Each structure stands twice: as C-alpha cells, then as structure tokens.
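These are my notebook entries on a structure that I was asked to look through. I wanted to look up its cysteines and one of its pockets.

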Amino acid sequence: MVYASADPSTAILEVAVHTGFDALDMVPHVLTCFEVLDPGQIHVVQPEDVPNPVWLSSASASPNQQKFADSLLAQHPFVLIPSAVTRHSWNLLVSCELADGKYQLVSQERFGLDTRLIRC
C-alpha cells in the first residue's frame, strides 16, 4: 500500500505520523506525482462511511481500522479517504497490485526532510 496526498506537505505529515520524522530523515524516500488514468476507479469514502468516527481523529490506529483499509484496497485500486492528521485533507490509498497500469507517472524526486523538524 502507498499513502498519497494531493500535496507534498500533507504526505510528509502522514508518513511522519506513521513512522516518525526520524525515519523520514534516516531512510531514503521519494516524492512521487502520478495521474489516475480513470478517476472513476477511485473509491471515495465519506466520513459517514467510516464505521467508527474516532478513526478520523488523532487517536492511535486500531487493528480494525487496518482491516477496514485492507478490505477496501482488496476491492479498489484507489481509495480516497479523509485524513485524520489534517481535517481538511484527504488521503489516496493505493493498492500496488490493483493499480498497476491504471496511473501515469508525472514526476519523481528524492525527498529531503527539513532538519528543523527533528527534535534534538
């Protein structure tokens, strides 16, 4: 699974929430921009479609939350879901297997974390 966002700053925050800023600073990452060839293949999950509204808060992810996402990604190549990190943003989850050939790469660049985000 790939976590994607419409803008790099939201994507960085999403990765940092799951792995921490240290991982972004110590493990090479790549920012990728791509276009979904058929937007009709994007399954949109509205806030009211999420079984537990707490999942859309900053609470720790539960195993059931992961199962919910896994189930969606088993059925859909792309899943658009509200972000729990930034309330006015959405995340695009991508099933690497199902999305193969359904998107076009626009650009890729090596990511470098602003080191001011690392705690001393």
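I began with accessibility, where buried means under 20% relative accessible area, exposed over 50%, and partly exposed in between (1.4 Å probe, protein chains only). The model is predicted, so I kept in mind that local features need pLDDT of at least 70 and side-chain atom pairs pLDDT 80 or more, while totals for chains, interfaces and linings use all residues. Residues are numbered from 1 along each chain as its sequence is written, and side-chain values use heavy atoms, with hydrogens and water left out.

Entry on cysteines. I looked for disulfides, each a pair of cysteine sulfur atoms within 2.5 Å, and the structure holds zero. Why is cysteine 33 not bonded to cysteine 96? The closest cysteine sulfur to that of cysteine 33 is in cysteine 96, 16 Å away, which is too far for a bond. I noted cysteine 33 as partly exposed, because its relative accessibility is 38%, and cysteine 96 also as partly exposed, because its value is 49%.

Entry on the second largest pocket. I took a pocket as an open set of points on a 1 Å grid over the protein atoms alone, where a 1.4 Å probe fits, with protein on both sides within 12 Å along at least five of seven lines; lining residues have an atom within 4 Å of a point. The second largest pocket holds about 530 Å³ of space, a volume being the space filled by probe spheres set on the points. I found 25 lining residues, of which His18, Trp55, Ala61, Gln65 and Ala84 are the closest to the centre.
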